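Here's a quick tour of the aromatic residues, the core and the main pocket of one model. Have the viewer open while you read.

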Amino acid sequence: EFPEFPTLIYDGPFSSHIARQTPKMLEGQGEVSEAEARSAAAAFLEADESALSLVNESEGTIPAYGFSADTRLGDLYVSVTRAGGFVSIFFTDYTPEAAALSPEACVEKATDFLAARGIPDMQASYYTISDATLTINFLSVQDDVLCYPDLIKIAVSMEDGTVLNFDASGYLACHTARDFSALAV
(Lines give C-alpha, C1' and ligand atoms only; values in the text may rest on other atoms or scores of the structure.)
Protein backbone atom coordinates (compact mmCIF):
# COMPACT_ATOMS: atom_id res chain seq x y z
CA GLU A 1 0.00 0.00 0.00
CA PHE A 2 1.05 3.54 -0.69
CA PRO A 3 -0.51 5.87 1.86
CA GLU A 4 0.69 8.91 -0.06
CA PHE A 5 1.49 9.11 -3.71
CA PRO A 6 4.31 11.50 -4.55
CA THR A 7 3.65 14.11 -7.20
CA LEU A 8 6.01 15.49 -9.74
CA ILE A 9 7.23 18.99 -9.16
CA TYR A 10 6.78 20.65 -12.51
CA ASP A 11 5.95 24.26 -13.26
CA GLY A 12 6.10 24.31 -17.05
CA PRO A 13 3.49 25.32 -19.63
CA PHE A 14 1.61 22.02 -19.34
CA SER A 15 1.56 21.95 -15.54
CA SER A 16 -1.74 20.79 -14.07
CA HIS A 17 -1.74 23.58 -11.46
CA ILE A 18 -2.50 26.11 -14.23
CA ALA A 19 -5.86 24.43 -14.84
CA ARG A 20 -6.72 24.80 -11.15
CA GLN A 21 -5.76 28.45 -10.59
CA THR A 22 -7.93 31.51 -11.04
CA PRO A 23 -7.00 33.05 -14.40
CA LYS A 24 -5.07 36.27 -13.72
CA MET A 25 -6.27 37.99 -16.92
CA LEU A 26 -9.90 37.47 -15.93
CA GLU A 27 -9.66 38.82 -12.38
CA GLY A 28 -11.88 41.88 -12.00
CA GLN A 29 -13.34 41.55 -15.50
CA GLY A 30 -17.07 42.09 -15.91
CA GLU A 31 -19.28 39.34 -17.30
CA VAL A 32 -20.24 39.58 -20.96
CA SER A 33 -23.54 38.50 -22.46
CA GLU A 34 -23.90 35.85 -25.14
CA ALA A 35 -24.41 38.61 -27.72
CA GLU A 36 -21.24 40.41 -26.61
CA ALA A 37 -19.30 37.13 -26.69
CA ARG A 38 -20.58 36.40 -30.22
CA SER A 39 -19.51 39.89 -31.30
CA ALA A 40 -16.05 39.42 -29.75
CA ALA A 41 -15.64 36.05 -31.49
CA ALA A 42 -16.72 37.49 -34.85
CA ALA A 43 -14.31 40.42 -34.53
CA PHE A 44 -11.44 38.12 -33.53
CA LEU A 45 -12.12 35.75 -36.42
CA GLU A 46 -12.95 38.58 -38.86
CA ALA A 47 -16.22 36.77 -39.54
CA ASP A 48 -19.90 37.63 -39.74
CA GLU A 49 -21.67 37.27 -36.38
CA SER A 50 -24.57 35.49 -38.05
CA ALA A 51 -22.23 32.63 -39.05
CA LEU A 52 -21.63 31.75 -35.37
CA SER A 53 -24.01 29.41 -33.53
CA LEU A 54 -23.94 29.00 -29.76
CA VAL A 55 -23.19 25.34 -29.01
CA ASN A 56 -22.38 25.39 -25.30
CA GLU A 57 -21.81 27.39 -22.14
CA SER A 58 -18.98 25.84 -20.16
CA GLU A 59 -18.29 26.19 -16.46
CA GLY A 60 -15.06 25.41 -14.65
CA THR A 61 -11.98 27.56 -14.16
CA ILE A 62 -12.66 29.57 -17.31
CA PRO A 63 -16.44 29.82 -17.84
CA ALA A 64 -17.07 30.52 -21.50
CA TYR A 65 -19.48 30.62 -24.40
CA GLY A 66 -18.70 28.17 -27.19
CA PHE A 67 -19.66 28.93 -30.78
CA SER A 68 -19.30 26.94 -33.98
CA ALA A 69 -19.34 27.88 -37.65
CA ASP A 70 -19.06 26.17 -40.99
CA THR A 71 -16.21 27.91 -42.84
CA ARG A 72 -14.10 27.44 -45.95
CA LEU A 73 -11.76 25.51 -43.64
CA GLY A 74 -14.53 23.18 -42.46
CA ASP A 75 -15.93 23.19 -38.96
CA LEU A 76 -14.64 25.87 -36.61
CA TYR A 77 -15.10 26.12 -32.84
CA VAL A 78 -14.36 29.25 -30.78
CA SER A 79 -14.59 29.77 -27.02
CA VAL A 80 -15.04 33.25 -25.49
CA THR A 81 -14.61 33.81 -21.75
CA ARG A 82 -17.65 35.05 -19.88
CA ALA A 83 -15.38 37.27 -17.78
CA GLY A 84 -14.00 39.97 -20.05
CA GLY A 85 -15.03 38.44 -23.39
CA PHE A 86 -11.58 37.14 -24.42
CA VAL A 87 -11.16 34.45 -27.07
CA SER A 88 -9.49 31.62 -25.20
CA ILE A 89 -9.35 29.05 -27.95
CA PHE A 90 -10.40 28.38 -31.51
CA PHE A 91 -9.71 25.50 -33.80
CA THR A 92 -10.65 24.17 -37.19
CA ASP A 93 -10.67 20.65 -38.53
CA TYR A 94 -8.78 21.63 -41.68
CA THR A 95 -5.56 19.78 -42.56
CA PRO A 96 -3.34 21.47 -45.18
CA GLU A 97 -2.25 19.26 -48.05
CA ALA A 98 1.19 20.64 -48.91
CA ALA A 99 3.65 23.17 -47.54
CA ALA A 100 4.28 26.15 -49.78
CA LEU A 101 5.45 28.64 -47.13
CA SER A 102 8.60 28.60 -45.03
CA PRO A 103 8.44 28.31 -41.25
CA GLU A 104 9.69 31.91 -41.02
CA ALA A 105 6.83 33.15 -43.22
CA CYS A 106 4.31 31.30 -41.03
CA VAL A 107 5.80 32.75 -37.83
CA GLU A 108 5.44 36.20 -39.38
CA LYS A 109 1.77 35.48 -40.24
CA ALA A 110 1.12 34.38 -36.65
CA THR A 111 2.92 37.43 -35.24
CA ASP A 112 0.80 39.71 -37.44
CA PHE A 113 -2.32 37.81 -36.33
CA LEU A 114 -1.54 38.51 -32.66
CA ALA A 115 -0.75 42.18 -33.29
CA ALA A 116 -3.96 42.69 -35.29
CA ARG A 117 -5.93 41.37 -32.32
CA GLY A 118 -4.29 43.66 -29.78
CA ILE A 119 -2.08 41.05 -28.14
CA PRO A 120 1.19 42.96 -27.85
CA ASP A 121 4.70 42.06 -26.81
CA MET A 122 4.73 38.41 -27.85
CA GLN A 123 7.79 36.55 -29.10
CA ALA A 124 7.94 33.22 -30.89
CA SER A 125 9.79 30.71 -28.74
CA TYR A 126 9.77 27.51 -30.78
CA TYR A 127 7.62 25.66 -33.29
CA THR A 128 6.77 22.18 -34.49
CA ILE A 129 5.71 21.01 -37.94
CA SER A 130 3.14 18.30 -38.64
CA ASP A 131 1.17 17.68 -41.84
CA ALA A 132 2.05 21.08 -43.39
CA THR A 133 0.90 22.82 -40.20
CA LEU A 134 3.33 24.91 -38.17
CA THR A 135 2.43 25.23 -34.48
CA ILE A 136 4.21 28.14 -32.81
CA ASN A 137 4.53 28.78 -29.09
CA PHE A 138 4.57 32.49 -28.28
CA LEU A 139 5.70 33.96 -24.97
CA SER A 140 4.87 37.31 -23.45
CA VAL A 141 7.78 39.74 -23.14
CA GLN A 142 7.88 42.34 -20.37
CA ASP A 143 10.92 44.53 -19.71
CA ASP A 144 13.01 42.26 -21.97
CA VAL A 145 12.06 39.24 -19.82
CA LEU A 146 10.39 36.23 -21.44
CA CYS A 147 7.36 35.22 -19.37
CA TYR A 148 7.14 31.54 -20.21
CA PRO A 149 3.83 30.80 -18.40
CA ASP A 150 2.08 33.44 -20.58
CA LEU A 151 1.94 31.00 -23.48
CA ILE A 152 -0.16 31.33 -26.64
CA LYS A 153 -0.07 28.53 -29.19
CA ILE A 154 -0.99 29.24 -32.81
CA ALA A 155 -1.17 26.75 -35.67
CA VAL A 156 -0.66 28.13 -39.17
CA SER A 157 -1.24 26.42 -42.50
CA MET A 158 2.03 26.17 -44.39
CA GLU A 159 -0.11 25.93 -47.53
CA ASP A 160 -1.30 29.56 -47.45
CA GLY A 161 -0.56 31.12 -44.03
CA THR A 162 -4.09 30.84 -42.64
CA VAL A 163 -4.30 30.62 -38.84
CA LEU A 164 -6.01 27.29 -38.10
CA ASN A 165 -5.84 27.06 -34.30
CA PHE A 166 -5.32 29.43 -31.38
CA ASP A 167 -4.94 28.55 -27.70
CA ALA A 168 -4.51 31.32 -25.13
CA SER A 169 -5.47 29.37 -22.01
CA GLY A 170 -1.96 29.64 -20.54
CA TYR A 171 -1.87 33.35 -21.35
CA LEU A 172 -5.27 33.96 -19.72
CA ALA A 173 -4.27 31.92 -16.67
CA CYS A 174 -0.91 33.59 -16.05
CA HIS A 175 -0.58 36.96 -17.81
CA THR A 176 -0.25 39.90 -15.47
CA ALA A 177 2.05 42.90 -15.06
CA ARG A 178 5.13 41.76 -13.17
CA ASP A 179 7.70 43.65 -11.13
CA PHE A 180 11.18 42.61 -12.22
CA SER A 181 13.03 45.35 -10.29
CA ALA A 182 14.38 42.80 -7.79
CA LEU A 183 16.08 41.03 -10.70
CA ALA A 184 18.05 44.10 -11.76
CA VAL A 185 21.80 43.57 -11.71
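What follows goes from the aromatic rings to the core and then to the pocket. Keep in mind that this is a predicted model.

Let's start with the rings. Searching the whole structure turns up 7 aromatic pairs. Two of them that share F44 are set out here.

| Pair | Centre to centre | Angle between planes | Elements | Separation in sequence |
|---|---|---|---|---|
| F44 and F90 | 6.3 Å | 75 degrees | helix α2 and strand β4 | 46 residues |
| F44 and F113 | 5.5 Å | 85 degrees | helix α2 and helix α3 | 69 residues |

Both planes-apart values sit over 60 degrees, the cut-off for edge-to-face, so F44 and F90 are edge-to-face, and F44 and F113 are too. Each of these pairs ties together distant parts of the chain.

How buried are these rings? F44 has a relative accessible area of 10%, while F90 comes in at 3%; F113 is buried as well. Add F166 and you get one aromatic cluster made of F44, F90, F113 and F166.

F166 also leads into the core. Leaving aside residues up to four places away in sequence, F166 touches F44, F90 and F113, along with others including V87, I152 and I154. The largest nonpolar core counts 37 residues, and F90, F166, V78, I152 and I154 have the most contacts inside it.

Now the largest pocket, with a volume of about 340 Å³. Its lining has 16 residues, and L45, L73, L76, T162 and V163 are the closest to the centre. Elements giving two or more residues to that lining are α2, β2 and β4. By class, the lining splits into 10 nonpolar, 3 polar and 3 charged residues.

Conventions. Residues numbered from 1 in each chain as written. Predicted model: local features only at pLDDT ≥ 70, side-chain atom pairs only at ≥ 80, totals over all residues. Heavy atoms only, no water. Core = buried A, V, L, I, M, F, W, Y, C linked by side-chain atoms within 4.5 Å. Buried < 20%, exposed > 50% of the residue type's maximum accessible area, 1.4 Å probe, protein only. Contact = heavy atoms within 4.5 Å. 1 Å grid on protein atoms, 1.4 Å probe; cavity = no way out; pocket = protein on both sides within 12 Å on 5 of 7 lines; lining within 4 Å. Points joined across faces, edges and corners; volume = space filled by probe spheres on them. Helix = DSSP H or I, 4+ residues; strand = E, 2+ residues; numbered from the N terminus. Nonpolar A, V, L, I, M, F, W, Y, C, P; charged D, E, K, R; others polar. Phe/Tyr/Trp six-rings, centres within 6.5 Å; stacked < 30°, edge-to-face > 60°.
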